[in-house]
Amino acid sequence: LQRARGGLQEERALRREFARAAALQGERLSRPVATGRSGSWVGLLQEIPDGEPFSTVLEGGIRLPMERAVTLARNLLEGLALLHRQHYLHLDLSPD
């Protein structure tokens, strides 16, 4: 769930983001489900993709085996490449 305080302008921006995200094609991408408003808050709800969050993989400071690290990096970069081919720039990369 993405949420922010905002008025009509922020709600319109969130609806545009929802429409752009819904148009993206790719099996590894989370799909937007709904936008909404609650009082002064506006939000965008997205499905949670299968698999464990990357933050869980990074917890504990344990060094990953090379093969696992390469697989994770490849999956991340394939997802970003998919977005870029569709003229979309992801500005909020995080391990969750």
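Select Glu11 to begin: in this predicted model the residue sits in helix H1, which covers residues 8-23. With a relative accessibility of 15%, Glu11 counts as buried, because the cut-off for that class is under 20%. Show its surroundings while leaving out the neighbours within four places in sequence, and the residues in contact with Glu11 are Arg37 and Val42.

**Helix H1**

Now extend the selection to the whole of H1, residues 8-23, and place a distance between its end C-alpha atoms. At 1.5 Å a residue, the 16 residues of H1 should span 22 Å, and the end C-alpha atoms are 23 Å apart, which agrees with that expectation. Colour the buried residues of H1 next, and you will have picked Glu11 together with Leu14 and Ala21. Looking down the axis, you will find that these buried residues cover an arc of only 85°, which puts them on the same side of H1. Turn the helix to its other side, where Leu8, Gln9, Arg12 and Ala23 are exposed.

What do the buried residues of H1 pack against? They pack against E2 and E3, and these two strands are the next stop.

**The hairpin of E2 and E3**

Select strand E2, residues 32-38, along with strand E3, residues 41-46; the two run antiparallel and are joined by 6 bridges. Two opposite pairs are convenient landmarks here: Thr35 in one strand faces Leu44 in E3, and Gly36 stands opposite Gly43 in E3.

Centre the view on Ala34, whose place is in strand E2. Ala34 is partly exposed, with a relative accessible area of 31%. Not counting residues up to four places away in sequence, Ala34 touches Phe18, Gly43, Leu44 and Leu45. For a sense of scale, draw a line from Ala34 to Ala23, which lies 11 residues away along the chain: their C-alpha atoms are separated by 14 Å.

Follow the chain from E2 into the turn. The two strands form a hairpin with 2 residues between them, and Gly39 in that turn has a positive phi of about 60°. Is Gly39, in the loop between E2 and E3, buried or exposed? Gly39 is exposed, with a relative accessible area of 63%. A second distance can be drawn from this loop residue to Arg15, since Gly39 and Arg15 are 24 residues apart in sequence and 17 Å apart in space, C-alpha to C-alpha.

**Helix H3**

Move on to helix H3, residues 66-85, where the confidence of the chain is highest, at a mean pLDDT of 87. The same kind of length check can be made here: at 1.5 Å a residue, the 20 residues of H3 should span 28 Å, and the end C-alpha atoms are 28 Å apart, which agrees. Colouring the buried residues of H3 picks out Leu72, Gly79, Leu80, Leu82 and Leu83. Seen down the axis of H3, these residues fall within an arc of 160°, so they line one face of the helix. The other side of H3 carries the exposed residues Met66, Glu67, Leu77 and Arg85.

Add helix H2, residues 54-58, to the view, as it is included in what covers the buried residues of H3. Then select Arg68, which also belongs to helix H3. Arg68 is partly exposed, with a relative accessible area of 34%, and, leaving aside its neighbours within four places in sequence, Arg68 is in contact with Glu52 and Val57. At the far end, just after H3, stop at His87, which takes a positive phi of about 60°.

**The nonpolar core**

Which residues make up the largest nonpolar core? Select Leu24, Leu29, Leu80, Leu82 and Leu83, the 5 residues of that core. Within this group, centre on Leu82: leaving aside neighbours within four places in sequence, Leu82 is in contact with Gln25, Gly26 and Leu29.

**Colouring by confidence**

Finally, recolour the chain by pLDDT, which averages 79, with 93% of the residues scoring at least 70. Confidence is lowest in strand E1, residues 2-5, at a mean of 65. Where pLDDT is low, the predicted coordinates should not be read in detail.

Methods: Residues are numbered from 1 along each chain as its sequence is written. This is a predicted model: local features need pLDDT of at least 70, side-chain atom pairs count only at pLDDT 80 or more; totals for chains, interfaces and linings use all residues. Side-chain values use heavy atoms; hydrogens and water are left out. pLDDT is the predictor's confidence in each residue, from 0 to 100. Helices (H or I, at least four residues) and strands (E, at least two) are DSSP runs, numbered from the N terminus. Two strands pair if DSSP finds at least two bridges between them. The expected span of a helix is 1.5 Å times one less than its number of residues. Buried means under 20% relative accessible area, exposed over 50%, partly exposed in between (1.4 Å probe, protein chains only). The arc is that of the directions from the helix axis to the C-beta atoms. Contact means heavy atoms within 4.5 Å. A nonpolar core is a set of buried Ala, Val, Leu, Ile, Met, Phe, Trp, Tyr and Cys residues joined through side-chain atoms within 4.5 Å.
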